[in-house]
Amino acid sequence: MNDNYLLKLYHKFESIPFGKLIFAFMFARKAPYFSTISPRIQTLRPNFCELTFAKRRKVENHIGTVHVIAICNGMEMAMGALAEASIPKHLRWIPKGMQVNYTAKASSDMRITAEACAEDWKPGELPVTVKAYRDDGTVVVEGIITLHISLKPPPSEADLSAATSSLHR
């Protein structure tokens, strides 16, 4: 069993009624802008995340399709969940950039995927492939979100002594 905190939480909520909705709501509270698309994480496992959100007026543009910024918001959320569910404990990540191509009109509910390769989790740059699909399976936006991966700094002496003193209380 994976000891990743986010995967444990996801699997806990996955098995209860409305659990995926509750999990997505809680995850979106960490970065409140994610909640603007009312996402639902459908699948989360190491190096893969799939989420969905409905085509509603609040995510549409002036021509009645899903606005690409709403789609990019979903892509960033899927990437963030993938990263938190996948990164080894001795590393940390931060997004460095996003490059996307608009390939078709986003005229339905959206399904978004984010994928990475397990062997790429090492210091340096890590590309995460993101795609958004219409209900008919057509890719409407595709791209790469580049993550900067680095080693976590070693704990400071103050951190170590605080941890030690809390154990002796």
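**Figure 1. Close-up of Thr43, a partly exposed residue with a relative accessibility of 23%.** The model shown here and in the views that follow is a predicted one. Thr43 belongs to strand S1, which covers residues 40-45. Leaving out residues up to four places away in sequence, the residues that Thr43 touches are Tyr10, Phe48, Cys49 and Glu50. Two of these, Tyr10 and Cys49, return in later views, where Tyr10 is described as buried at 1% relative accessible area and Cys49 as buried at 0%. For orientation along the chain, Thr138 lies 95 residues from Thr43 in sequence, and the C-alpha atoms of the two residues are separated by 19 Å.

**Figure 2. Close-up of Leu51 in strand S2, which spans residues 48-53.** With a relative accessible area of 0%, Leu51 is buried. The residues that Leu51 touches, once those up to four places away in sequence are set aside, are Pro39, Arg40, Ile41, Gln42, Gly74, Met77, Ala78, Met110, Arg111 and Ile112. For one of these, Ile41, the C-alpha atom is separated from that of Leu51 by 4.1 Å, although the two residues are ten residues apart along the chain.

**Figure 3. Close-up of the aromatic residues Tyr10, Phe23, Phe27 and Phe34, which form one aromatic cluster.** Across the whole structure, the search finds three aromatic pairs. In one of them, the ring centres of Tyr10 and Phe23 are 5.2 Å apart and the ring planes meet at 75°, so this pair is classed as edge-to-face. This pair links distant parts of the chain, as Tyr10 sits in helix H1 and Phe23 in helix H2, with their positions 13 residues apart in sequence. Both partners are withdrawn from the surface by the accessibility criterion, since Tyr10 is buried with a relative accessible area of 1% and Phe23 counts as buried at 2%. Phe27 and Phe34 form an aromatic pair of the stacked kind, with 6.4 Å from centre to centre and an angle of 10° between the planes. Phe27 and Phe34 are likewise both buried.

**Figure 4. Close-up of the largest pocket, which holds about 340 Å³ of space.** The lining comprises 17 residues, among which Phe27, Lys30, Ala31, Phe34 and Glu84 are the closest to the centre of the pocket. The elements that contribute two or more residues to this lining are helix H1 (5-14), helix H2 (19-30), helix H3 (68-86) and strand S3 (91-102). The largest share, five residues, is given by H3. By residue class, the lining of the largest pocket is made up of twelve nonpolar, two polar and three charged residues. Phe27 and Phe34, named here among the residues closest to the centre, are also the partners of the stacked pair in the aromatic view.

**Figure 5. Close-up of the second largest pocket, with a volume of about 170 Å³.** Twelve residues line this pocket, and those closest to its centre are Asn4, Glu84, Ile87, Pro88 and Lys89. Strand S3 gives the most to the lining of the second largest pocket, with three residues. The lining of the second largest pocket divides into five nonpolar, two polar and five charged residues. Glu84 is listed among the residues closest to the centre of this pocket and also among those closest to the centre of the largest pocket.

**Figure 6. Close-up of Asn73, a residue of helix H3.** Asn73 counts as buried, at 3% relative accessibility. Apart from its neighbours within four places in sequence, Asn73 is in contact with Tyr33, Phe34, Thr36 and Ile37. One of these contacts, Phe34, is also a member of the aromatic cluster.

**Figure 7. Close-up of Cys49 and Cys117 in a model whose disulfide count is zero.** The closest cysteine sulfur to that of Cys49 belongs to Cys72 and lies 16 Å away, which is too far for a bond, given that a disulfide requires the two sulfur atoms to be within 2.5 Å. For Cys117, the closest cysteine sulfur is that of Cys49, and this distance of 16 Å is again too far for a bond. In their surroundings, Cys49 is buried, with a relative accessible area of 0%, whereas Cys117 is partly exposed, with a relative accessible area of 39%.

Technical notes:
Residues numbered from 1 in each chain as written. Predicted model: local features only at pLDDT ≥ 70, side-chain atom pairs only at ≥ 80, totals over all residues. Heavy atoms only, no water. Helix = DSSP H or I, 4+ residues; strand = E, 2+ residues; numbered from the N terminus. Buried < 20%, exposed > 50% of the residue type's maximum accessible area, 1.4 Å probe, protein only. Contact = heavy atoms within 4.5 Å. 1 Å grid on protein atoms, 1.4 Å probe; cavity = no way out; pocket = protein on both sides within 12 Å on 5 of 7 lines; lining within 4 Å. Points joined across faces, edges and corners; volume = space filled by probe spheres on them. Nonpolar A, V, L, I, M, F, W, Y, C, P; charged D, E, K, R; others polar. Phe/Tyr/Trp six-rings, centres within 6.5 Å; stacked < 30°, edge-to-face > 60°.
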